[in-house]
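I opened this entry to look up one sheet, the helices around it and a few single residues. My notes follow in the order in which I checked things.

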Amino acid sequence: MAPELAFSLLGLLALAAVTGWPLWRGWQRRRWGAHPFPAAWRKLLQRQFPIYNRLPPPLQKQLQRMVQVFVAEKPVIGCGGLVVHDDMRVLIAAQACLMVLQLHGPRAGAAAAPYPELREVLLYPGAFVVEAKHHQPGGVVSQGPEVRLGESWQEGRVVLSWTDVQAGAQSGEWSAAPGNGHNVVMHEFAHQLDQETGPANGAPALRPGQSAQTWAQVFQRAYDDLIWLANAGEPTLIDSYGATAPEEFFAVVTETFFMQPRALAMQHPELYGQLRLFYRLDPQVW
């Protein structure tokens, strides 16, 4: 075979691989989403994720399709001796996919693609210990063990505590015994959204029609207020952990937006409005 012909064939094969992979992936996702949603999964969400019961029927159906894609596509790997089963995968997927129903859902015939850059979820039985850097006054940086409930890595990996995944699903105003609204899945997957354009910084890529200037002004005011209240030891609806950094503030207010939407809309209407535009959802009306 002539070298020119060989190079041409290699080029055509490379082109076919590049163009064919997205088509095959889209077909596969549509196939997963078209399967009947298992009755056992529906009962699990009704029992362990109360917000699911409040969703309008169209959003319930869309969430079901996205959960099926997520469970089929995203490996959930047990760590620390934890054996992962489908109930775990479904509960994680439902909380993560709820956030992106209107962001990563089907568009113009394309399949739902929740968190396309996510490669895997690592799941520990409970809180886990990592080696972390600690920034201290005067620019001193030390390193030592730190207990965490979750982590989000820019290269497409999320780490979660199973105990806290379960607790978060039951928290907020949707539960019969409402807790504090913490949701570790939503917190870490908010970081994933923040990391779509680079390191998390509290300024994710905004949606068409959103004003970057308005977003920055509203978030800066709310962030500054939270810092002041946290330093004063005052109780806050938004968890004071959000005062530690802008990226943590975005993740914490995302938790509050989905788990305590009415309270957030009442206390921080401008902040709620920006999140409503970003996620294209309005949880307070569910």
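I began with the sheet, bearing in mind that this is a predicted model. The sheet is open and has four strands in the order β1-β2-β6-β5, with mixed pairing. I noted β1 (76-78) and β5 as the edge strands, since each pairs on one side only. Ignoring direction, I get an average turn of 15° between neighbouring strands.

Next I took the pairs one by one. β1 and β2 (residues 120-124) run parallel and are joined by three bridges. For valine 76 I looked up the bridge partner in β2 and found valine 121. β5 (residues 150-153) and β6 (residues 157-161) run antiparallel, with four bridges between them. Here serine 152 has valine 158 of β6 as its bridge partner. β5 and β6 make a hairpin, and three residues lie between the two strands. In the turn I checked glycine 156, whose phi is positive at about 90°.

I then turned to the helices. α7 (residues 184-194) lies across β2, β5 and β6, and its direction is at about 165° to β6.

Which residues of helix α6 are buried? In α6 (residues 162-169) I list Trp162, Val165, Gly168 and Ala169. They are on the same side of α6, because the arc they cover around the axis is only 125°. This fits the general rule that an α-helix has 3.6 residues a turn, so residues three or four places apart point the same way. As packing partners of the buried α6 residues I wrote down α2 (39-48), α5 (86-99), β2, β6, α7 and α9 (246-259).

I also looked at aspartate 164, which is found in α6. Is aspartate 164 buried or partly exposed? Its relative accessibility is 22%, and buried means under 20%, so aspartate 164 counts as partly exposed. Its side chain makes a polar contact of 2.7 Å with the side chain of serine 161. Setting aside neighbours within four places in sequence, I find aspartate 164 in contact with Ala127, Leu149 and Val184. For alanine 127 I noted the separation from aspartate 164: 37 residues in sequence, but 7.9 Å in space from C-alpha to C-alpha.

Last, the cysteines. I searched the whole structure for disulfides and found zero. Cysteine 79 is buried at a relative accessible area of 14%. Cysteine 97 also counts as buried, with 0% relative accessibility.

Conventions:
Residues are numbered from 1 along each chain as its sequence is written. This is a predicted model: local features need pLDDT of at least 70, side-chain atom pairs count only at pLDDT 80 or more; totals for chains, interfaces and linings use all residues. Side-chain values use heavy atoms; hydrogens and water are left out. Two strands pair if DSSP finds at least two bridges between them. Axes are lines fitted to C-alpha atoms, for helices over the stretch in contact, and angles run from 0 to 180 degrees between N-to-C directions. Contact means heavy atoms within 4.5 Å. Buried means under 20% relative accessible area, exposed over 50%, partly exposed in between (1.4 Å probe, protein chains only). The arc is that of the directions from the helix axis to the C-beta atoms. A disulfide is a pair of cysteine sulfur atoms within 2.5 Å. A polar contact is a pair of N or O atoms within 3.5 Å; within protein, one must be able to donate a hydrogen and the other to accept it, and residues adjacent in sequence count only if both atoms are side-chain atoms.
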